Amino acid sequence: MNCTPPPAADGSPSVQGAADRPHSAFNHNIEQSLLAIVKREVVPALGCTEPISLALAAATARKYLAAEPQKIEAKVSPNLMKNGMGVTVPGTGTLGLKMAAAIGATGGDPDAGLEVLKNINAEQVAHAKALISAEKVKVSMLQTDHLLYSEATLFCGQDSVCVRIAAHHANIIYIEKNGETLFAKPCAVDNENSQEIFTALSAKDIFDFAMRADENSIAFIAEAARLNEALSQEGLRQDYGLHIGRTLQKHIRNGLLSDDLMNRIIIATTAASDARMGGANLPAMSNSGSGNQGITATMPVVVVAQHLQADRRHLIRALFLSHLMAIYIHSKLPKLSALCAATTAAMGSCAGIAWLLSGKFETISMAISSMIGDISGIICDGAANGCAMKVSTSVTSGYKAVLMALDNIQVTGDEGIVEHSIDRSINNLCDIASRSMQYTDRQVIEIMVNKPAA
């Protein structure tokens with residue numbers, strides 16, 4: 001079956017009404033800025049990005065310490081603590097921020113960004129575990145205006161090095177050795193996740209740009225499919241985390257589930273999340289600082305494109321639309337919040353799927369509106385194996401909403417927080433996450449840090 005939109009006369013993907021669409025929102029600078037944003041926000045990341053941020057701080061400190069650390073003291077923001085407590089650090093088989101700090105200091109590559117742990121070995125892991133067992137690694141929560149903040153101080157004899165990261169996972173803002181500042185740069189707190197360019201653009205503008213962006217300029221997005229498919233295959237190869245993908249696949253063989261397109265989307269996507277959260281030593285292609293968001297924006301589009309036998313050009317454009325739409329929506333949220341951002345990433349893949357199946361922005365608009373009416377308010381209670389459950393829920397909602405939209409059905413503007421305008425609906429969802437859900441966030445963190453030991 002091949003239901004991809006037919007190519008236009010010039011060979012570009014066909015989108016209904018494209019020739020009549022106004023381009024007034026764009027100029028060359030805006031288009032180049034959008035491309036730069038996608039290239040910056042869609043990058044490989046090995047492991048959950050919050051503990052990886054701390055590992056990068058520790059690895060950078062180790063570079064300047066120039067000796068094996070005897071003691072490590074780390075401080076993180078409440079939100080980074082929330083997202084680092086329950087996730088496996090890749091290559092270590094161990095949960096949590098103490099291991100992230102310790103393995104970053106003993107084996108991390110300070111020049112590898114979010115792939116800081118890609119070259120660690122068994123000896124370095126053993127050294128990190130020994131530091132933790134000897135109670136030489138301390139991680140505490142720091143009340144800071146930065147939602148995303150990690151700080152690592154390494155000690156060896158009389159020497160110490162402190163490295164701070166803020167606002168973005170790899171954004172080093174301060175390096176100090178033995179009380180001397182080696183590097184410092186200002187880092188604004190307000191609107192840390194804001195992308196000013198998006199304030200003047202609509203969801204329709206995002207769609208229009210994705211449709212006419214030069215093929216060669218967006219070809220880089222194909223790497224998202226390669227990396228996240230490899231992670232998905234690894235998650236189906238052996239048990240990681242909650243191994244949801246493998247479990248669902250087993251029940252297809254048992255006759256309890258059907259082998260249909262929706263279940264293939266869920267299995268392929270959750271298997272990648274299972275592997276990522278379960279500590280697989282493979283990178284995810286991330287989106288907006290999150291591997292799970294990158295997986296969610298990628299794998300549903302890949303599966304549907306394969307089902308439709310879409311060619312590479314259509315896959316790349318659908319992936320670019322998905323990732324850009326996910327970034328656009330997430331730009332209206334705090335960098336870290338009480339809203340599970342797999343839901344907004346799934347709105348991106350919903351857009352990519354809807355385009356592959358219909359070629360129409362109207363289908364995308366209806367489907368995203370239905371998603372907002374369906375899964376708004378799913379809370380983020382920290383990065384953990386259970387994230388794959390929320391990923392599966394989100395992509396299920398996305399595909400269901402596309403099927404409804406293909407039949408001209410949607411949650412209407414008369415219902416709940418959904419309005420007749422897709423942009424107002426998106427803003428309503430993000431306003432709730434940015435304002436009232438701040439109280440939810442604080443309570444979630446309080447619950448998590450005060451749990452009694454098992």
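In this predicted model, Ser322 is in contact with Ala297, Val301, Gly348, Ser349 and Gly352, once its neighbours within four places in sequence are set aside. Ser322 belongs to helix α12, and with a relative accessible area of 0% it is buried. Ser349 turns up again in the surroundings of Thr296, a residue of helix α11 (residues 291-307). Beyond four places in sequence, Thr296 touches Ser349 together with Thr269, Ala342, Ala345, Ala346, Val391 and Val395. Thr296 also counts as buried, because its relative accessibility is 0%.

Helix α12 leads naturally to the nonpolar interior. The largest nonpolar core holds 82 residues, and the members that touch the most others are Phe198, Phe320, Leu321, Met325, Ile364 and Ile368. The biggest contribution to this core comes from helix α12 (residues 312-330), which supplies ten residues. A second core lies apart from it; this one has 43 residues, including Ala58, Val76, Leu154 and Val161. As general background, nonpolar side chains in soluble globular proteins tend to be buried together. A closer look at Phe198 shows contacts with Leu34, Ile37, Ile206, Leu324, Ile327, Tyr328 and Ser331, leaving out residues up to four places away in sequence.

Ile364 and Ile368, already met among the best-connected core members, are also among the buried residues of α14. Twelve of the 15 residues of α14 are buried, so this helix is largely enclosed by the rest of the structure. The buried set consists of Phe361, Thr363, Ile364, Ser365, Met366, Ala367, Ile368, Ser369, Ser370, Met371, Ile372 and Ile375. Their cover includes α6 (203-212), α12, α13 (342-358), α15 (387-406) and α16 (422-434). How far apart are the end C-alpha atoms of helix α14? They are 21 Å apart, which agrees with the 21 Å that 15 residues (361-375) should span at 1.5 Å a residue. Just after α14 comes Gly377, with a positive phi of about 95°.

The strands offer a second theme. In strand β2 (residues 71-76) the side chains alternate between two faces. Ile72, Ala74 and Val76 point to one face and are buried, while Lys71, Glu73 and Lys75 point to the other and are not. Val76 is also one of the members of the 43-residue core. Two strands pair with β2: strand β6 (residues 149-156) does so in the antiparallel sense over six bridges, and strand β5 (residues 137-141) in the parallel sense over five bridges. Lys75 takes part in both pairings, with Glu151 as its bridge partner in β6 and Ser140 as its bridge partner in β5.

Glu151 itself deserves a moment. This residue of strand β6 is buried, because its relative accessible area is 8%, under the 20% cut-off. What joins the side chains of Glu151 and Tyr149? A polar contact of 2.5 Å does, and another, of 3.3 Å, joins the side chains of Glu151 and Arg164. Aside from neighbours within four places in sequence, Glu151 is in contact with Leu54, Glu73, Ala74, Lys75, Cys162, Val163 and Arg164. By contrast with these contacts, the C-alpha atoms of Glu151 and Leu248 are separated by 40 Å, with their positions 97 residues apart along the chain.

Cys162, one of the contacts of Glu151, brings up the cysteines. The count of disulfides comes to zero. Why is Cys187 not bonded to Cys162? The sulfur of Cys162 is the closest cysteine sulfur to that of Cys187, yet it is 14 Å away, which is too far for a bond. Cys380 is likewise in no disulfide, and its nearest cysteine sulfur, in Cys340, is 6.3 Å away. Cys380 counts as buried because its relative accessibility is 15%.

Finally, Pro110 sits in the loop between α4 (97-107) and α5 (122-133). Is Pro110 buried or partly exposed? Its relative accessible area of 23% makes Pro110 partly exposed. The contacts of Pro110, again leaving aside neighbours within four places in sequence, are Leu56, Ala59, Thr60 and Lys63. The C-alpha atoms of Pro110 and Ala61 are 8.4 Å apart, although the two residues are 49 residues apart along the chain.

Definitions and conventions: Residues are numbered from 1 along each chain as its sequence is written. This is a predicted model: local features need pLDDT of at least 70, side-chain atom pairs count only at pLDDT 80 or more; totals for chains, interfaces and linings use all residues. Side-chain values use heavy atoms; hydrogens and water are left out. A nonpolar core is a set of buried Ala, Val, Leu, Ile, Met, Phe, Trp, Tyr and Cys residues joined through side-chain atoms within 4.5 Å. Buried means under 20% relative accessible area, exposed over 50%, partly exposed in between (1.4 Å probe, protein chains only). Helices (H or I, at least four residues) and strands (E, at least two) are DSSP runs, numbered from the N terminus. Contact means heavy atoms within 4.5 Å. Two strands pair if DSSP finds at least two bridges between them. A disulfide is a pair of cysteine sulfur atoms within 2.5 Å. The expected span of a helix is 1.5 Å times one less than its number of residues. A polar contact is a pair of N or O atoms within 3.5 Å; within protein, one must be able to donate a hydrogen and the other to accept it, and residues adjacent in sequence count only if both atoms are side-chain atoms.
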